[in-house]
Amino acid sequence: MLALAGCRRVLAAPVRGGGGAMPRKGKGAGKGPAEPGAAAGPVMAAGDGCVRVSVRAKPGARCSAVTDVGAEAVGVAVAAPPSEGEANAELCRYLAKVLAVKKSEVILEKGGKSRDKVVKILVSRTPDEILEKLKKEASS
């Protein structure tokens, strides 16, 4: 009986938790802002002097238009069906027209088969300038 009492004491010992002062290791450890001058929201400065725009595409619309500029993405109605990359090509063409840049300077970086896309603009403009043009197009 005496031996079992000792085992209970060991099993009932408190387990050390993560309540210490040491920082946690992991994916988010030590990450600060991606870029000091980057704008928050759907338009961000890329490290290579380009600008990335988060887009929520809405294919199959009657005409292409910027529908809204939200906190996470720019809503764009695309006048092309979502098949065989037609909507992606129309999205890049339309954004080039809105931002007054060449079609070759607008590249679909992520989201080829998704509605949530990232478009890279290969011009040396600030994210604020691009965001203003998108907001102006959304309000008209």
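Pro59 in strand 2 stands opposite Val78 in strand 4. In this predicted model, that pair belongs to a parallel pairing of strand 2 with strand 4, which runs over five bridges. Strand 2 spans residues 51–59 and strand 4 spans residues 74–78.

Strand 2 has further partners. Strand 6 is joined to strand 2 by six bridges, and the two run antiparallel. Two pairs illustrate the register. Val53 stands opposite Val119, and Val55 stands opposite Lys117. Strand 1, residues 43–45, is also antiparallel to strand 2, with three bridges between them. Here Ala45 faces Val51 across the pairing. Strands 1 and 2 form a hairpin, with five residues between the two strands. Gly49 lies in that turn and has a positive phi of about 85 degrees.

Ser54 is a residue of strand 2. Its relative accessible area is 15%, so Ser54 counts as buried under the 20% cut-off. Leaving aside residues up to four places away in sequence, Ser54 touches Pro42, Met44, Glu72, Ala73, Val74 and Lys117. Of these contacts, Val74 belongs to strand 4 (74–78). Lys117 belongs to strand 6 (116–121). Met44 falls within strand 1 (residues 43–45).

Strand 6 also pairs with strand 5. This pairing is antiparallel and has four bridges. Leu108 stands opposite Val119 in strand 6. Val119 is thus set opposite Val53 in strand 2 and opposite Leu108 in strand 5. Strands 5 and 6 form a hairpin, again with five residues between the strands. Gly111 sits in the turn, and its phi is positive, at about 90 degrees. Strand 6 is mostly covered, with five of its six residues buried. In a regular strand, side chains alternate between the two faces of the sheet.

Helix 2 comprises 14 residues, 86–99. From first to last C-alpha it reaches 20 Å, close to the 20 Å expected at 1.5 Å a residue. The helix is mostly covered, and 10 of its 14 residues are buried. The buried set consists of Ala87, Asn88, Glu90, Leu91, Cys92, Tyr94, Leu95, Ala96, Val98 and Leu99. These residues pack against five strands and one helix. The strands are strand 2, strand 3 (65–69), strand 4, strand 5 (106–110) and strand 6. The helix is helix 3 (127–139).

Positive phi values also occur at two residues other than glycine. Glu84 has a phi near 55 degrees. Glu84 is placed in the loop between strand 4 and helix 2. Its relative accessible area is 80%, above the 50% cut-off, so Glu84 is exposed. Ala100 has a phi near 60 degrees. Ala100 follows helix 2 and is placed in the loop between helix 2 and strand 5. With a relative accessible area of 53%, Ala100 is likewise over the 50% cut-off and therefore exposed.

The cysteines were examined for disulfides. Such a bond is a covalent link between the sulfur atoms of two cysteines. A pair counts when its sulfur atoms lie within 2.5 Å. By this rule the model has zero disulfides. Cys50 is buried, with a relative accessible area of 11%. Cys92 is also buried, at 13%, and is one of the buried residues of helix 2.

The largest pocket has a volume of about 160 Å³. Its lining is made of 14 residues, and those closest to its centre are Pro82, Ala87, Asn88, Gly112 and Lys117. Helix 2 contributes the largest share of this lining, three residues. Strand 2 and helix 2 each supply at least two lining residues. Ala87 and Asn88, both close to the pocket centre, are among the buried residues of helix 2. Lys117, also listed there, stands opposite Val55 in strand 2 and is touched by Ser54.

How values were computed: Residues numbered from 1 in each chain as written. Predicted model: local features only at pLDDT ≥ 70, side-chain atom pairs only at ≥ 80, totals over all residues. Heavy atoms only, no water. Buried < 20%, exposed > 50% of the residue type's maximum accessible area, 1.4 Å probe, protein only. Expected span 1.5 Å × (residues − 1). Contact = heavy atoms within 4.5 Å. Pairing = 2+ DSSP bridges. 1 Å grid on protein atoms, 1.4 Å probe; cavity = no way out; pocket = protein on both sides within 12 Å on 5 of 7 lines; lining within 4 Å. Points joined across faces, edges and corners; volume = space filled by probe spheres on them.
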